[in-house]
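Work through the exercises below with the sequence and the coordinates at hand. Each task is followed by a solution in steps.

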Amino acid sequence: MSKAHTTTATMQMQAISVGQIIMDDSNYLTLWGHVQQDGVWYPCDLVTTYEVMNTMLRYSQEKNDAVQMTIVKKLEAMHHVPELIDLEEEMGGAVVFDNMIFYMNRPEHHEWEICADDACYFIQKVVAMPVTPPIPPARAALTEKMEECLETLRSKYDLYLGFIEIDLEEEAARIKAGLTDDLSFSTAYYAWQLHLSNPS
């Protein structure tokens, strides 16, 4: 098992769960678990390198220490090959790796005896999914305040238009609507126009 030969089609998965890890004297790890595709979990065998496994652990920091320490302990005390790490037993359940994109290929059928039929994938690489930062509370409050101001200005311009419709002089209509100075009048007009172009 010195080199991985895979088929050409690369698939992308966004989550896997790992119940057991098998280590042997090669550069590969075999993971028994599941892949998630379209919200459904499918059982499968996964084969990957130590480098990819390290990347997975780095991207899932809350699982990093516990899983990494378990692997290191097994490597230090490895008495026979292959060695099994039962994550379900040691961690109380399978470890889910998500919020990352797994690039996978199917290995050629003769490549790994451990792989069962088509339920086997080789994880080539892992990429962290971009994280959308939440809007800071201060900015959210500012946005809400700005929308309130725009709504107030729009209402004042609506009021001004109502006074104009009942044939009130323009200056009197502006005074009654609270839009006496040119700046507030212009701003109210733009708020009103903005509402017309985007009524939602």
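A residue counts as buried when its relative accessible area is under 20%, and as exposed when that area is over 50%. The model is predicted.

**Exercise 1. Determine how covered strand β2 is, and list the strands that pair with β2.**

Step 1. Strand β2 spans residues 15-23. Applying the cut-off of 20%, nine of its nine residues are buried.

Step 2. Take strand β3, residues 28-37: eight bridges join β3 to β2, and the two run antiparallel. One position to check is Ile 16, which stands opposite Val 35 in β3. The connection between β2 and β3 is a hairpin of four residues.

Step 3. Take strand β5, residues 83-86: β5 pairs with β2 over four bridges in the antiparallel sense. Here Gln 20 stands opposite Asp 86.

Step 4. Take strand β6, residues 95-97: three bridges join β6 to β2, again antiparallel. Val 18 has Val 95 as its bridge partner in β6.

Step 5. In a regular strand, side chains alternate between the two faces of the sheet.

**Exercise 2. Count the disulfides and describe the surroundings of Cys 44.**

Step 1. A disulfide requires two cysteine sulfur atoms within 2.5 Å. By this rule the count is zero.

Step 2. For Cys 44, the nearest cysteine sulfur belongs to Cys 120 and is 7.6 Å away, and Cys 44 is in no disulfide.

Step 3. Cys 44 has a relative accessible area of 6%, so this residue is buried. Cys 149, with a relative accessible area of 42%, is partly exposed.

**Exercise 3. Find where Asp 38 and Asp 167 lie, and state the phi and the exposure of each.**

Step 1. Most residues other than glycine have a negative phi.

Step 2. Asp 38 has a positive phi, near 55°. Its place is in the loop between β3 and β4 (40-49). Because its relative accessible area is 79%, Asp 38 is exposed.

Step 3. Asp 167 is not a glycine either, and its phi is positive, about 65°. This residue lies in the loop between α4 (137-165) and α5 (170-177). With 69% relative accessibility, Asp 167 also counts as exposed.

**Exercise 4. Summarise the chain as a whole: its elements, burial, contacts and surface.**

Step 1. The chain has six helices and eight strands. Along the sequence they follow the pattern β-β-β-β-α-α-β-α-β-β-β-α-α-α.

Step 2. Of the 200 residues of the chain, 34% count as buried.

Step 3. Consider contacts between residues at least 6 apart in sequence: 60% of these join residues at least 24 apart.

Step 4. The accessible surface comes to about 12,800 Å², and carbon and sulfur atoms account for 53% of it.

**Exercise 5. Which pLDDT does the chain average, and over which stretch is the pLDDT below 50?**

Step 1. The average pLDDT of the chain is 80, and 81% of the residues score at least 70.

Step 2. Over residues 110-114 the pLDDT is below 50. Beyond near neighbours in sequence, this stretch has 13 contacts in the model.

Step 3. Where pLDDT is low, the predicted coordinates should not be read in detail.

Terms used:
Residues are numbered from 1 along each chain as its sequence is written. Side-chain values use heavy atoms; hydrogens and water are left out. Buried means under 20% relative accessible area, exposed over 50%, partly exposed in between (1.4 Å probe, protein chains only). Two strands pair if DSSP finds at least two bridges between them. Contact means heavy atoms within 4.5 Å. Accessible areas come from the Shrake-Rupley method with a 1.4 Å probe; for residues, only the protein chains shown count as cover. pLDDT is the predictor's confidence in each residue, from 0 to 100.
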